[in-house]
Amino acid sequence: MVGNNAKEEFNMKSKLYSLLSIIALIVALCGWAMPTHAAQIRIVTTLTDLADFARAVGGDLVDVRSLATGVEDTHGVPMKPSFVPIMNRADLMILVGFDCEHAFLPALLEASKNPRIQVNKLGYVDCSKGIIPLDVPKSTDHSEGDVHPYGNPHYMLDPVLAKTAIANIYNALVAFSPLHKAEFTRNRDAYLAKLSAKITEWEKAVKPLKGTKFVSYHEHWPYFAARFGMKYFGTIELKPGIDPTGRHIQELVTAMKAERVPIVVREPQFPEKAPKRIAEQSGATMITLPIMPGGVPNTETYIKMMDYIVYTMVAAVQSRK
Amino acid sequence: MMKKVLFTLLCVFTLSTQAFGSDLETRIQAMEETLKKQQKTIEEQQKIIEELKEQIGNRIAAEKPKAAAEKTAPSGEIQKQVEELKEKVEKVAEAQTRTSPGIFNPSIGLVGETVFGYRSRGSTETGSARPGGFDAFQRSVELNVAAAVDPFAKAYAVFNASADPITGESSLGVEEAALQTTSLPWNLELKAGRFFGEFGRLGYIHDHELPFVNRPLALAEYIGGESRTDGLQLNWLVPIEHYVSLTVGAGNQFGGDNPPNYVGDFRNGSGVNYWGRLSTYFDLTPNISIEPGISGLWNPNTDAQWAAAGGVNPPFPSVAGNTFTERERRLWGADLVLSYKPLRNNQFQSLTWGTEVLYSDNRYDVTDSSGSALSSRSIGSVGLYSYLTYKFHRQWSAGFLFEYVENQVNNQDKTYAYSPYITWALSHWNQLRLQYTYTEPNAASGRAADNAVYLQWAWIIGSHSHGWQQR
């Protein structure tokens, strides 16, 4: 009996040693397979607008990857394990903030095992810093739907507030690599000059739309409406993240008819059926607008996307006259 | 101008160094040092200039609208603007003090789950802990608490109160309570305490998070419910450009229904459960992915666990007049999840096919009906489940689950089960699921086939995180 126990112990030990040897071999192979340190600053952004800004400010000094491709919902980027190795090696993690990415980013950050980009670390770049949020909820109670406790996170659709995001990215790059401050400053100034010129152009183009009311599927547009003097009438969703009920749609249609709301905005991440029905029943025009670069064809950059949004909106209103 | 001055200074310094220096190498080094110092001085001065420029710019920007407003707007308008600004600032201040999942410390959430059911056969014929006929089962009330411990670790606990199937009384238990490191080097993460060990795809998922109503039969048979353990687990994200995750762990027991080994006695290394898992992931297209994994569980010496748990020995029913006592636990698993999740509207449409195959190769001591010891033997048995879930609406999904399992002591005892199910998620926090299950055990099992209908209602209040495991 004692002999049997000793034999078992020996077998167990030899199995454990085999297991440890395999692990050691894997470690050694990984050490061999590890990529050499890249010269560029490795940036991961949650959304494509941030990636566009990071490329504009960082120039050749940065290697930028975006988790979203542009077609996703800003709150619903799939948590792909293939993101994990990319985030694991990132120097900077740039995000929208205001809990915009709460459905996927916290879990991905934990899985990335990269201490440099965790919350409150130098590499965690929250672009909402310095932005005064709209629609801060009075309560985070779920009876109000999937509310964002810090306020509406879709400030990026206001190009003036986008400048604050650019400033945050610039500050993060300078803090990470002070030696390249001059280049970052030059890039930032060049981009801001271009963006400022476009803002003037967009404001001029949207002038005839001042006071125009519109509805959208999700609460993406309050910042856009505030910037360009339009009136954001309501959402097709019953509450944030909650699909509309038949009653809500009926009430919305009635209110839109009474208030003569001419535009229904459908974000391409949401099904067409409800916005189309509402537009038909209320006599409004439905347009499909992206919420981040790449959302629809020919909107690969932020400026192209805003061009698309502004001129599609203008064309839709003008076509009704 | 400044650069010229600095350049002149630099030249003078360099020339004087040349004049006085004797050794060439020393001179070059000195020059380099000087250049560095001068460069630093230039950078510092440029920084001061930039800051001054910024301050002036800000002052101008602040004064311009003020001056313009003073010129154009009446005092009432200014007052209105001030009020609006004040309101905005107050909103921000208010938001910062408000309770939210991210800022409340610790975050607390409560999950409730009730299962209404009807089974066509009684528990003696189904082997279920729940009675046949009509049943309302408050399966769990889970309190989840989580927070960072310090900059190096976080901790979480799950307390579960579930109703006893016999008495109906609820008993509160610690389902999980573990510490998890957050800043270990070399992509390592250590978890210690009571937790669900990583084995397979659904073994460490809580009941209410499963894609169907009941835990697959194969997991109940071979793992013993949820993969709960008291132990230590190390996860390593392999540092390559492709996702590969390796987990190893050791603990007193493994499986919520299994007691630990050698309670109150001396436990050597052979009395501990060891497990491991290797998983990877491939994007076949931007919308289609595949995630395979393999797992293993080994307990070198299990014969003392049941005897220690209230003197119940042997644990398994007699087979062909012989009694089997588990001596060594060996379990292997392979799992695969194939997903179609369109990037554009994955919240409204997706298709998931998940399959897990388990092979149990436990070793048993066998005694005959007179109590005489026979030779110990290993029994190989197989179990699997495979499900397909199609999400066709943000609130609706439907699927089908197929199950097959062999009794781990008697592999001739086989059970098949077929379960179509439909889920209605009114929101993230309120979900109803209707499932029909036809269970078909074979003649060797001594049980009868039965039809069952379940209605599961699960809800969440307070904080809930979209964890990595629920991806």
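Mentor: A residue is buried if 20 or more other C-beta atoms lie within 10 Å of its own, with C-beta atoms placed from the backbone. Keep that cut-off in mind, since the model is predicted.

Trainee: What share of the residues of chain B counts as buried?
Mentor: Chain B has 6 helices and 17 strands. Its contacts with a separation of 6 or more include many that span the sequence: residues 24 or more positions apart account for 56% of them. Of the 471 residues of chain B, the share that counts as buried is 27%.

Trainee: And what share of chain A counts as buried?
Mentor: The secondary structure here comes to 10 helices and 8 strands. Of the contacts in chain A between residues at least 6 apart in sequence, 63% join residues at least 24 apart. Chain A has 321 residues, and the share counted as buried is 48%.

Trainee: Which element of chain A has the lowest confidence?
Mentor: For chain A as a whole the mean pLDDT is 89, and 88% of the residues reach 70 or more. At the upper end stands strand 3 of chain A, at 98. The lowest mean, 54, belongs to helix 1 (residues 2-33) of chain A.

Trainee: Over which residues of chain A is the pLDDT below 50, and how many contacts does this stretch have beyond near neighbours in sequence?
Mentor: The stretch is residues 29-37 of chain A. Where pLDDT is low, the predicted coordinates should not be read in detail. With that caution, the number of contacts in the model beyond near neighbours in sequence is 7.

Trainee: How far apart are the C-alpha centres of the two domains of chain A?
Mentor: The domain assignment of chain A places residues 41-200 in domain 1 and residues 201-319 in domain 2. The contact between them takes 32 residues from domain 1 of chain A and 27 from domain 2 of chain A. The C-alpha centres of these domains are separated by 24 Å.

Trainee: Which helix of chain A gives the most to the side of domain 1 that touches domain 2?
Mentor: Three helices of chain A each supply at least two residues of that side: helix 2 (48-58), helix 5 (159-176) and helix 6 (181-206). The most, 5 residues, comes from helix 6 of chain A.

Trainee: How many residues on that side of domain 1 of chain A are nonpolar?
Mentor: By class, the side of domain 1 of chain A that touches domain 2 of chain A has 8 polar and 9 charged residues. The count of nonpolar residues there is 15.

Trainee: Which strands are at the edges of the open sheet of 4 strands in chain A?
Mentor: The sheet has the order 2-1-3-4, with parallel pairing. An edge strand pairs on one side only. The edges of this sheet in chain A are strand 2 (62-66) and strand 4 (124-126).

Trainee: By how much are neighbouring strands of this sheet turned against each other on average?
Mentor: Within the sheet, strand 1 (residues 41-45) of chain A joins strand 2 of chain A through 5 bridges and strand 3 of chain A through 3. Strand 3 of chain A and strand 4 of chain A are also joined by 3 bridges. The average turn between neighbouring strands, direction ignored, is 20°.

Trainee: What angle does helix 2 of chain A make with strand 2 of chain A?
Mentor: In the pairing of strand 1 with strand 2 of chain A, V44(A) stands opposite R65(A), and T45(A) has S66(A) as its bridge partner. Helix 2 of chain A packs on the sheet and touches strand 1, strand 2 and strand 3 of chain A. Its direction makes with that of strand 2 of chain A an angle of about 175°.

Trainee: Is M93(A) buried or exposed?
Mentor: M93(A) lies in strand 3 (residues 92-95) of chain A. Both faces of this strand are covered, by the burial of L92(A) and I94(A) on one side and of M93(A) and L95(A) on the other. M93(A) has 27 other C-beta atoms within 10 Å, so it is buried.

Trainee: Which residue in strand 4 of chain A stands opposite M93(A)?
Mentor: Leaving aside neighbours within four places in sequence, the contacts of M93(A) include V44(A), I117(A) and V125(A). Across in strand 4 of chain A, the residue opposite M93(A) is Y124(A).

Notes
Residues are numbered from 1 along each chain as its sequence is written. Chains are lettered from A and ligands numbered from 1 in the order in which they are written. This is a predicted model: local features need pLDDT of at least 70, side-chain atom pairs count only at pLDDT 80 or more; totals for chains, interfaces and linings use all residues. Domain bounds come from an automatic or database domain assignment. Two residues are in contact if their C-beta atoms, placed from the backbone, lie within 7 Å. Ala, Val, Leu, Ile, Met, Phe, Trp, Tyr, Cys and Pro count as nonpolar, Asp, Glu, Lys and Arg as charged, and the others, Gly among them, as polar. A residue is buried if 20 or more other C-beta atoms lie within 10 Å of its own, exposed if 12 or fewer, and partly exposed in between; C-beta atoms are placed from the backbone. Two strands pair if DSSP finds at least two bridges between them. Axes are lines fitted to C-alpha atoms, for helices over the stretch in contact, and angles run from 0 to 180 degrees between N-to-C directions. pLDDT is the predictor's confidence in each residue, from 0 to 100.
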